[in-house]
Amino acid sequence: MEKMINKWLADGLINQELAEVLTQSVKEEKAKLHRTRLNICIYTVSAILIGIGIIAFISANDWLLALLTSLPILKILIMLVLTVSSLFFGYKLVYEKNKFPKLGHAMIFLSALLIGGTYALTGQTYHINAHNSSLMFLWLLSILPVAYIFKNFAVNVVAIVLYILGIIYYYMELHLDLGLTWTVFIPILLGATLYSVGNIPVIVEKFNNFSMSYKLTGLAPIFVTLLILTCSAEATYKQTSLYYIIPIVLLIGLNLIN
């Protein structure tokens, strides 16, 4: 922006006094943006440390551990209370008090993490037989509304990570023969899906940061897979099926239309 101001000054579009005012405004805006990002990092780390502190406090007190062990449902209830409380106070700080929005978003981010912890604790307590991919996808579906309703970019990043981990776990749980050609299209389909989500008009218009994160993340597995394919010998593959190429072609077509 400062280069543009200097160019405008050189072209005679603005005078020296206005150029100095604009330059000062740009510097102040940069400093404000830097402080905002720093505050977001501090509040996010603080929220995570609060959660770790609660877990450490419980672990360090034998009577609490004995009580929680005797009543397994109590552990789940505590996690639920912490999750709902974190989300509730985050909402209050962001939308009602409007005094500590960064802290509020950090509390919302903490609630997204606690949701996954609640699911994991419930499965462990009642010995629910489920795959890791099921936990990832359930967690993902639970925090996506939180990301979009509160426009929380950090929660959206967690959702992307969960989606990728869910696909990876599902990929491993199938015990696939990696020599089969069609397995190569799974990461390409993953990337194409993420890129397509980022290209949905509603997301592009109202959630521009989300859109860019989906597109950039979606391009990564496509690029890596194609890079691996260029270094692989065709003789290593055993069979090919066009059925796995069709979804990718459709997704590419939808992106071209949009």
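Over which ring does the charged end of Lys215 sit? I looked this up before anything else, and in this predicted model the charged end of Lys215 lies over the ring of Tyr195, 5.9 Å from its centre.

**Entry on a second charge and its loop.** I then turned to Lys151, whose charged end sits over the ring of Phe207, at 5.7 Å from the ring centre. I placed Lys151 in the loop between helix 6 and helix 7, and I noted that it counts as exposed, with a relative accessibility of 53%, since exposed here means over 50%. I also looked up its backbone, and found phi near 50 degrees, a positive value in a residue other than glycine. I set this beside the general rule that most residues other than glycine have a negative phi. A positive phi, near 50 degrees, also turned up at His127, the residue that I found following helix 5.

**Entry on aromatic rings.** My search of the whole structure for aromatic pairs returned eight. I examined Phe153 and Phe210, whose ring centres are 6.3 Å apart and whose planes meet at 40 degrees, so I recorded this pair as tilted. The pair links distant parts of the chain, as Phe153 belongs to helix 7 and Phe210 to helix 10, with their positions 57 residues apart in the numbering. I checked the accessibility of each partner: Phe153 is partly exposed at 40%, whereas Phe210 is buried at 3%. I went on to Phe207 and Phe210, whose ring centres are 5.5 Å apart with planes at 20 degrees, and I recorded this pair as stacked because planes under 30 degrees apart count as such. Phe207 and Phe210 are both buried. Following the ring pairs, I arrived at a cluster that joins Tyr148, Phe153, Phe207 and Phe210; Phe207, a member of this cluster, is also the residue whose ring has the charged end of Lys151 over it.

**Entry on the nonpolar cores.** I looked up the largest nonpolar core and found 25 residues in it, with Ile143, Val155 and Leu162 having the most contacts inside it. The elements that give two or more residues to this core are helix 5 (101-125), helix 6 (132-149), helix 7 (153-173), helix 8 (185-198) and helix 10 (208-230). Its largest share, seven residues, comes from helix 7. I listed the contacts of Val155, leaving aside neighbours within four places in sequence, and these are Ile108, Phe109, Ala112, Ile143, Val146 and Ala147. Apart from this core I noted another, of five residues, including Ile76, Met79, Leu110 and Leu121.

**Entry on helix 5.** I compared the length of helix 5 with expectation: at 1.5 Å a residue, its 25 residues should span 36 Å, and the end C-alpha atoms are 35 Å apart, which agrees.

**Entry on Ser86.** Is Ser86 buried or exposed? I found Ser86 in helix 4 (residues 72-97), and its relative accessible area of 4% makes it buried, because the cut-off for buried is under 20%. Leaving aside its neighbours within four places in sequence, I recorded Met107, Ile108, Leu110, Ser111 and Leu114 as its contacts. For Ser111 I also noted a polar approach, its backbone nitrogen lying 3.5 Å from a polar atom of the Ser86 side chain. Two of the names recurred from my earlier entries: Ile108 is among the contacts of Val155, and Leu110 is one of the residues of the five-residue core.

Conventions: Residues are numbered from 1 along each chain as its sequence is written. This is a predicted model: local features need pLDDT of at least 70, side-chain atom pairs count only at pLDDT 80 or more; totals for chains, interfaces and linings use all residues. Side-chain values use heavy atoms; hydrogens and water are left out. A nonpolar core is a set of buried Ala, Val, Leu, Ile, Met, Phe, Trp, Tyr and Cys residues joined through side-chain atoms within 4.5 Å. Buried means under 20% relative accessible area, exposed over 50%, partly exposed in between (1.4 Å probe, protein chains only). Helices (H or I, at least four residues) and strands (E, at least two) are DSSP runs, numbered from the N terminus. Contact means heavy atoms within 4.5 Å. A polar contact is a pair of N or O atoms within 3.5 Å; within protein, one must be able to donate a hydrogen and the other to accept it, and residues adjacent in sequence count only if both atoms are side-chain atoms. The expected span of a helix is 1.5 Å times one less than its number of residues. Rings of Phe, Tyr and Trp (its six-membered ring) pair if their centres lie within 6.5 Å; planes under 30 degrees apart count as stacked, over 60 as edge-to-face and the rest as tilted. A charge sits over a ring if NZ of Lys or CZ of Arg is within 6 Å of the ring centre and within 35 degrees of the ring normal.
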